[in-house]
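Student: I've just opened this one and don't know my way around yet. Can we go through it together?

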Amino acid sequence: MPSAMTGQTTNNNTAPNSPLSPTLSFFPPRHNARKKGEKKHIDLSFLPAYSKQRRARGENFAQRAVAEAIKTLSPSVRSATSATNADEMDNEVEVDRDGEIQLAGINDYAATTSEELWITFNALSNHLRGHNIKIAFFSATPQGGGVALMRHALIRLWRLVGLSVHWYTPEGHPAVFDITKRKFHNILQGVNKPGTKLKEEDKTLFEMWTDNNVDTFWSEGAIDDKSIIVIDDPQLVALIPTIKQRNPNAKIIYRSHIQIDTSLVNDPSKGEGAHADVWNYLFQFIEQADVFLAHPVKAFVPQNVLDSKMPVLYMAPSTDPLDGLNKSIGEADMVYYQHYFGRLSEQQCGVSIDWVRPYVVQVARFDPSKGIPDLLEGYRLFRRKLNKAALSPAEQDTPMLIICGHGSVDDPDGEIIFEEIHETLSSKEYQFIKDDVSVVRVPPCDRTLGAILQGAWCATQLSTKEGFEVKVTEAIHKRVPIIASKAGGIPLQVKDGVNGWLVDPGDSEAVSERLLELYRAKRCPLTSIALLEQDGETPNSMADKTVSDYLARQPKISPTGIKDIGTSEDFWSVGNASKWMLLWSRLAGLEVENEADRNVLGRMLPENGAARSDIWKDMEGRDVWEMISGKKDDTLIIG
């Protein structure tokens, strides 16, 4: 019987205990099957297996209509951009409508960074452009998380300097994303529910979903003509063997961007072996890549990676100074976004926000690892202490709490965590503050989140497990005092007592104390504010002044980063783009042909004609930023 979605024939020989559909679609063994023997056949009729013809005719009709409308918005849009036709057959992400919308120019990026780094960035881009290499990123989703935000910004920047860098995402499905989130991501981080295990049928579904995306979108061009391919998510590791077969000359980088709890994955006796099982399953794909790229935390790298022949390098992620999250917002715009967010709050949780009052904010996904229960408890304790204090604040001076973030199509936990927060706030012990806690899932609009963070009296990032979380850098850049946990790469961004406070993960009492101290102005987390206190200013008055002065220029991104109150160039787009370009040049073994570029890049790249075996000998185990900055004391790796 033909499937309604795929048109493929099915049979009824369903395994008796199969959790899948009662009918099976026949999928003949593929030419790039990764395992010996007969390929398992499972029901993929519910997966998005549209033909290219159907996709071209209907699925993208609305997207194409909007894209065409964009061209006629105003003469400036057409004149400022060059319209190109993106290939709709390969699921390439059309950043800024494939360049037809210009959100920032190259001079705008030059103004955000130091002259030294800008010279390095231009030398690296000239060097790569001269070799005409093609790069591809593969990640799970085009929006809804830190990876997607970073990719949009970097593709935009690389396009401005003429590099051929592309970004592809798969056609997702809830059944697969449930596996990749709860049985990959959560288990690797150690935040999974007890008893959660990766089953054989999960592996089969995951691999066939990958093959399905290759057949539907990536069988022509996306893989075959690329020089270097970056696998940016564990969701797409099963693509690596296909790349090796279809394009054996391509170099592959696997970027590991979550906190892998190596105390669990290295020890099969823990967690009934679930953590080790998941990692070992994924590693059979990952070990076929050429480089393992991790956040700058050595504890995130499993032992079997270190024991393998894969070079291991460290690189922090980035945020963008010119995107909606980080551009300064004027007073009129702030009023608009506050009004918009206020409507969302009333609709989603029934809480009316009084924007005259100060507020504490955490901007993050609704995820088990983000420490939201610890934040709620810390805020509850803070309010109890505030009520008992002799200060007896008036209501208009009492900080509210806002918890907000985007959803992501590959994250089935979001709705569950959202509901759990409301269950907590409905309990008896939270009744006295529930009307002061706004919990909002914001539609995809970075400007909204940027406005809410910019206007905060205090920000938090209380993750229990974390890869890096650049929201910390964004808060510091906006001069918002931040209380953050000592999880993952967060301590690389915060100097305790200088540009924020650090607390142990799960320590709600410490969070409440920091909030109380900040409120009572007895301790100041920001050196710049401490200096102003000599003139009679307090953290409260400084925060109020920051929020009211919407048009003030934000602090310059600092080359020295953690050594002062600023934020490091390592964590912003120009620095991150430079790190990637250096890595690509090394991996491809490119020689520097331009003498001027050689003068800049000589210390970063091997001598022309160096043997392939020498390419990694001075990079192994290092932070790529150290090679860009040229300063050993800029190495930011947690041991």
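Student: Which residues of α16 are buried?

Tutor: Keep in mind that this is a predicted model. Buried here means under 20% relative accessible area. By that cut-off, the buried residues of α16 are Asp-413, Gly-414, Ile-417, Phe-418, Ile-421, His-422 and Leu-425.

Student: Why would residues three or four places apart point the same way?

Tutor: Think about the turns: an α-helix doesn't fit a whole number of residues into each one. Residues three or four places apart point the same way because the count per turn is 3.6.

Student: What covers the buried residues of α16?

Tutor: Look for parts with heavy atoms within 4.5 Å. Helices α8 (174-189) and α14 (331-349) are included in the cover. So that you have the rest of those named, add α15 (372-388) and the strand β11 (437-441).

Student: How far does α16 reach from its first C-alpha to its last?

Tutor: The helix runs over residues 413-425, which is 13 residues. At 1.5 Å a residue you'd expect 18 Å, and the model comes close to that. The reach is 19 Å.

Student: Which element gives the largest share of the largest nonpolar core?

Tutor: That core has 49 residues, and Trp-580 and Trp-584 are among those with the most contacts inside it. Several elements supply at least two residues each, including α6 (115-131), β3 (134-138) and α22 (573-588). The largest share is 8 residues, and it comes from α22.

Terms used: Residues are numbered from 1 along each chain as its sequence is written. This is a predicted model: local features need pLDDT of at least 70, side-chain atom pairs count only at pLDDT 80 or more; totals for chains, interfaces and linings use all residues. Side-chain values use heavy atoms; hydrogens and water are left out. A nonpolar core is a set of buried Ala, Val, Leu, Ile, Met, Phe, Trp, Tyr and Cys residues joined through side-chain atoms within 4.5 Å. Buried means under 20% relative accessible area, exposed over 50%, partly exposed in between (1.4 Å probe, protein chains only). Helices (H or I, at least four residues) and strands (E, at least two) are DSSP runs, numbered from the N terminus. The expected span of a helix is 1.5 Å times one less than its number of residues.
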